[in-house]
Each structure stands twice: as structure tokens, then as C-alpha cells.
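Got the viewer open? Here is a short tour, one selection at a time.

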Amino acid sequence: MQDSARKLSDNANRKPKGRPSGPESANIRADILDSAELLFARKGYAATSLREIAEQVGVNAAMVHYYFGSKHTLLRHVLERTLEPLADAIAEMKTRDDAPVSEVVRLLLQNFSRHPSLPALVAREVMLPGGVMQDHFLEYLAPRLGGSVPELIQKEQSGGRLHSDLDPRISALIILSLCAFPFIAREMAEPALDISYDEAGLSRLEQHIGRLLDEGFSP
């Protein structure tokens, strides 16, 4: 999160650019998504303007309109950039004979470590009352994300690898919470609990979540 913020701060000091082309266009588009992800998560959708997002990247607001059309469409692209590949990976797991909980945890943590602001953004604009992406998320993304995890858990139960008396829906909620909340709480967890979010720290986080689930879920 700090690296992303530093990168955006450096971009904000650049002179605004004209309409790019070629590889530069893809880079500018990615920078706009990074800026929006960070600012939407920190300030909220309503309090963040396209001008502010553009300034963080070093372009003008017209450039953001050129790529995304509207702030609402930009927010949708921010979510789908990470959650669509995550949904595809979960769908691939559903086609297999096994779906280890440890693999679900690793998949979630890998995605959240690449986009550490995303869990806070989802909590703010999807999970809380009045979230502007709540309806879109429930209709298009939720069934393929958390809504698919209970099916993976049932597959493990059928194979005798998880307790048969676990409620797959509650278990899915617990797994998602354990993986997402550390990133939502990062601003406090780092100074208050001295938790590191570098590669080694995230590896330890995965180990602790895995051990907790293994001892609680395994027969």
C-alpha cells in the first residue's frame, strides 16, 4: 500500500500528459486504476473526484473520461480488474476432484497482497449499507466469488477431508474474513501489533490462517 502511494505521489508531480498511444496508453490506464483503487479505498467513492484521481497519475480529468467514461464505470473496472481473475481461478478449482482450503487461502492472499487496498474498498463500497457497487457485486461477482466457496468446501467434505458437520456457507464466510480483514486493518495492525506486510510477513499470515483452519476444519 505504501509503495503504491509513493508511486502515485511521484506521478502527481509530473506534468499532465496529452492523449497517449501504444504501450504508454496501457501504462496510463493501469496507473489510473491504481490511483482510483487507493483513493476510493481511503476516502470513499463519493468523496473522491476524477480530478483528484487524475492528478495522482499526472494527467488531466479528461484523460480519465477518455479511458473509463464515468466515475462509476471506473470503480467497476477497479473491482473487476482483480476480482474477475480471482473468480476464474475459483471456477477452475470447481472443475477438479479436490479443492484444498489452503489453496483457497493462498489464492485470496496472493490477490490481496497485489492489491492491498481492495479489501477495504470492497468493505466500503460493497459490504456496508449504501455501497454504490452493492447491486452490481451481488448480481455479477458474488455468485462466482464467495458464493462459489461453499461448493468447494462441500467437495472437500464429500472427500472426507473436512468435518462433515461444518456449514459450508458459514465456513466460507470465515475463510473470506480471515483473508480480507488483515488488509482492512493494516493501518492499525502495522503500528499497534507490529505486524509486517512484507513477503515474509504475508507468508507467516498464510501459515497462521492455514493452521487455524486445518485444526478447526479437518476431521
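Which residues does Leu-107 touch, not counting residues up to four places away in sequence? Select Leu-107 and show its surroundings: Leu-86, Ala-89, Ile-90 and Met-93 are the ones in contact. Keep in mind that you are looking at a predicted model.

**Stop 1: Leu-107 and the H5/H6 pair**

Leu-107 sits in helix H6. Its relative accessibility is 16%, under the 20% cut-off, so Leu-107 counts as buried. Draw a distance from its C-alpha to that of Ala-89: you should get 8.1 Å, for two residues 18 apart in sequence.

Now widen the selection to helix H5 (residues 71–94) and helix H6 (residues 101–114). Two packed helices are described by the angle between their axes and the distance between the axes. For this pair, the angle is about 165 degrees and the axes are 11 Å apart. An angle over 145 degrees counts as roughly antiparallel, so that is the label for H5 and H6. Their crossing is right-handed. To see who meets whom, colour Thr-82, Leu-86, Ala-89, Ile-90 and Met-93 on the H5 side, then Glu-103, Val-104, Leu-107, Leu-108 and Asn-111 on the H6 side.

**Stop 2: zoom out**

Go back to a cartoon of the whole protein chain. You'll find 12 helices and 0 strands. Of the 219 residues, 43% count as buried. Among contacts with a separation of 6 or more, 71% are between residues 24 or more positions apart. Switch on the surface if you like: the chain exposes about 11600 Å², with carbon and sulfur atoms supplying 53% of that.

**Stop 3: the H9/H10 crossing**

Next, pick helix H9 (residues 149–158) and helix H10 (residues 168–184). Their axes come within 8 Å and cross at roughly 115 degrees, and the two helices are therefore roughly perpendicular to each other. This crossing is right-handed. Show side chains for the contact: H9 brings Val-149, Pro-150, Ile-153, Gln-154 and Gln-157, while H10 brings Pro-168, Arg-169, Ser-171, Ala-172 and Ile-175.

**Stop 4: one face of H3**

Select helix H3, residues 50–57, and colour its buried residues: Leu-50, Ile-53, Ala-54 and Val-57. Turn the view until you look down the axis of H3; those buried residues fall within an arc of 95 degrees, so they line one face of the helix. Why would such a spacing work? An α-helix has 3.6 residues a turn, so residues three or four places apart point the same way. Then step past the end of H3 to Gly-58, where phi is positive, near 90 degrees.

**Stop 5: Lys-43**

Lys-43 belongs to helix H2 (residues 23–43). Is Lys-43 buried, partly exposed or exposed? With a relative accessibility of 36%, Lys-43 counts as partly exposed. Leaving out residues up to four places away in sequence, Lys-43 touches Thr-48, Glu-52 and Arg-124. Try one more distance here: the C-alpha atoms of Lys-43 and Leu-121 are 9.4 Å apart, although 78 residues separate them along the chain.

**Stop 6: Asp-194**

Finish in the loop between helix H11 (186–193) and helix H12 (199–217), where you'll find Asp-194. What is its phi? Near 55 degrees, a positive value in a residue other than glycine. Asp-194 is exposed, with a relative accessible area of 70%.

Technical notes. Residues numbered from 1 in each chain as written. Predicted model: local features only at pLDDT ≥ 70, side-chain atom pairs only at ≥ 80, totals over all residues. Heavy atoms only, no water. Helix = DSSP H or I, 4+ residues; strand = E, 2+ residues; numbered from the N terminus. Buried < 20%, exposed > 50% of the residue type's maximum accessible area, 1.4 Å probe, protein only. Contact = heavy atoms within 4.5 Å. Areas by Shrake-Rupley, 256 points an atom, 1.4 Å probe, with all protein chains shown as cover. Arc of directions from axis to C-beta. Axes fitted to C-alpha atoms, helices over the stretch in contact; angles between N-to-C directions. Parallel < 35°, antiparallel > 145°, perpendicular 65-115°, else oblique. Left-handed = near helix turned anticlockwise from the far one by under 90°.
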